[in-house]
Structure formats: C-alpha cells, structure tokens
Amino acid sequence: PAQRQGAGMGLDEIKAMILELEQGEQIFDRYIDPRAGNATTINKDGGTTLIQMMEEGDAPMFFTPAAALRLEEGIGIINDWFAYDQNLPICEINKPKLYIAESCVNTIWCLREWTGLDGEKGASKDPIDSLRYLAVMNPEPHAEAGYKAKFGGSY
C-alpha cells in the first residue's frame, strides 16, 4: 500500500503532502534523488527538471540533489552510524550515531531485510536510499541560538 500512496498526485499535491509531513518545522535543506531530480523532461517551454518544477508556482519548494556516490559508499556510512561495541554497555562514547523511531516501520523492515542483491531496482531500497542520501550529505543540526546576534566587538 505504501508504494501506491500518492500515485497520480500532481506537483502541488506533492508539495502540500511534504509540508504536512514537515509539520511547520523550519527546513534548511531538502535532499532529492540526484538522478530523478535532475532528469530533464520536455514541456511546452523546452526542457525542465523536477527540481526546477518544484521551485515554480505559488508555493515554491527547494531541493538539493544528494551527492551521487556509489551505493556501497553510502551504505558504509550508514553502517558506521549504527556501529557500537555490543559487548559494552551503551554510554556516551559507546552508542550508535543513528536511531530510527519505532513509528518508521517500513524503514526498520527494509533495514532488516534489504540485502542489495536486487541491485538498483529493489522494492525495499527506497528507504535505504533516503538514509544513504542523508548519510552522504552529512547535514548538521541548526540551533536557534546560533542565529542570534552577539554583542561586543569593535570597529
């Protein structure tokens, strides 16, 4: 059912769905599959990409193409994020860098079941790709305090 969710939606509907899922959170960057986002399609005005089409209209939405690293490189980073010494107690210096919320049941299932043997077209690879794009882009947290003016200094 998840693969049929949103099938046949137009760009405005997709934008509305993304905004609903973001729940008003301030978004600094959105990543998109580099091949799909930059694939050129022809319309009445010439060639355009999905990234360009998402930037148009009454509610522009901006995306950054994720780095197009080899599959194995991204998977290696994900594995590093999950790694910790299981023979020791979890503590500040011995804990995974990545946790998946229990509500992300599809992602958890894919992480447990996906082997990579089905190549680039595997049915359970999409959630893995989402994590892989996150891993290779290495985003940093933004604290609200980091944007406040600081007093002092000189001329």
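Trainee: Leaving aside its neighbours within four places in sequence, which residues is Arg132 in contact with?

Mentor: Before answering, keep in mind that this is a predicted model. A contact here needs heavy atoms within 4.5 Å, and by that test Arg132 is in contact with Leu69, Arg70, Leu71, Gly74, Ile75, Ile78 and Lys125, once neighbours within four places in sequence are left aside. Arg132 itself lies in helix 6, which covers residues 126–137.

Trainee: Does Arg132 count as buried or exposed?

Mentor: The cut-off for buried is a relative accessible area under 20%. Arg132 has 6% relative accessibility, and therefore it counts as buried.

Trainee: Which other residue of helix 6 could I look at?

Mentor: Tyr133 also gives you a place to look, since this residue lies in helix 6. Its relative accessibility is 9%, so Tyr133 counts as buried. When residues up to four places away in sequence are not counted, Tyr133 touches Asp33, Pro34 and Ala66.

Trainee: How many residues apart along the chain are Tyr133 and Pro34, and what separates their C-alpha atoms in space?

Mentor: Along the chain Tyr133 and Pro34 are 99 residues apart, while their C-alpha atoms are separated by 9.2 Å. For the chain as a whole, take the contacts between residues at least 6 apart in sequence: 55% of these join residues at least 24 apart.

Trainee: What is the order of helices and strands along the sequence?

Mentor: The protein chain has six helices and four strands, and reading along the sequence gives the pattern α-β-α-β-β-α-β-α-α-α.

Trainee: What part of the protein chain is buried, and what is its accessible surface?

Mentor: Of the 155 residues in the protein chain, 23% are buried. The accessible surface comes to about 11,900 Å², and 54% of that belongs to carbon and sulfur atoms.

Trainee: What confidence does the predictor give to the protein chain?

Mentor: The mean pLDDT of the protein chain is 84, and 88% of its residues reach 70 or more. If you compare the elements, strand 2 (residues 40–43) has the lowest mean pLDDT, at 80, whereas helix 3 (residues 50–54) has the highest, at 92.

Trainee: Loops puzzle me, so where does Trp114 lie, and which residues does it contact?

Mentor: Trp114 lies in the loop between helix 5 and helix 6. Leaving aside neighbours within four places in sequence, Trp114 is in contact with Leu71, Ile75, Ser124, Lys125 and Ile128. The C-alpha atoms of Trp114 and Ser124 are separated by 6.2 Å, although these residues are ten apart along the chain. A loop residue can be checked against the same cut-off of 20%, and Trp114, at 15% relative accessibility, therefore counts as buried.

Trainee: Is Tyr84 buried, exposed or in between?

Mentor: Tyr84 lies in the loop between helix 4 (71–82) and helix 5 (105–113). With exposed meaning over 50% and buried under 20%, Tyr84 is partly exposed because its relative accessible area is 31%. Not counting residues up to four places away in sequence, Tyr84 touches Ile90, Asn94, Lys95 and Pro96. Of these, Asn94 is ten residues from Tyr84 in sequence and 5.6 Å from it in space, C-alpha to C-alpha.

Trainee: Which backbone angle should I look at in Gln23?

Mentor: Look at phi, which is positive in Gln23, at about 50°, although this residue is not a glycine. Gln23 has its place in the loop between helix 1 (11–22) and strand 1 (31–32). Its relative accessible area is 72%, so Gln23 is exposed.

Trainee: How many disulfides does the structure hold?

Mentor: The structure holds zero disulfides. You can still read the surroundings of cysteines: Cys104 counts as partly exposed because its relative accessibility is 33%, while Cys110 is buried because its relative accessible area is 5%.

Trainee: What lies over the face of Phe63, and how many aromatic pairs are there?

Mentor: Arg30 lies over the face of Phe63, at 5.9 Å from the ring centre. The count of aromatic pairs comes to zero.

Terms used. Residues numbered from 1 in each chain as written. Predicted model: local features only at pLDDT ≥ 70, side-chain atom pairs only at ≥ 80, totals over all residues. Heavy atoms only, no water. pLDDT = per-residue confidence, 0-100. Helix = DSSP H or I, 4+ residues; strand = E, 2+ residues; numbered from the N terminus. Phe/Tyr/Trp six-rings, centres within 6.5 Å; stacked < 30°, edge-to-face > 60°. Lys NZ or Arg CZ within 6 Å of the ring centre and 35° of its normal. Disulfide = S-S within 2.5 Å. Buried < 20%, exposed > 50% of the residue type's maximum accessible area, 1.4 Å probe, protein only. Areas by Shrake-Rupley, 256 points an atom, 1.4 Å probe, with all protein chains shown as cover.
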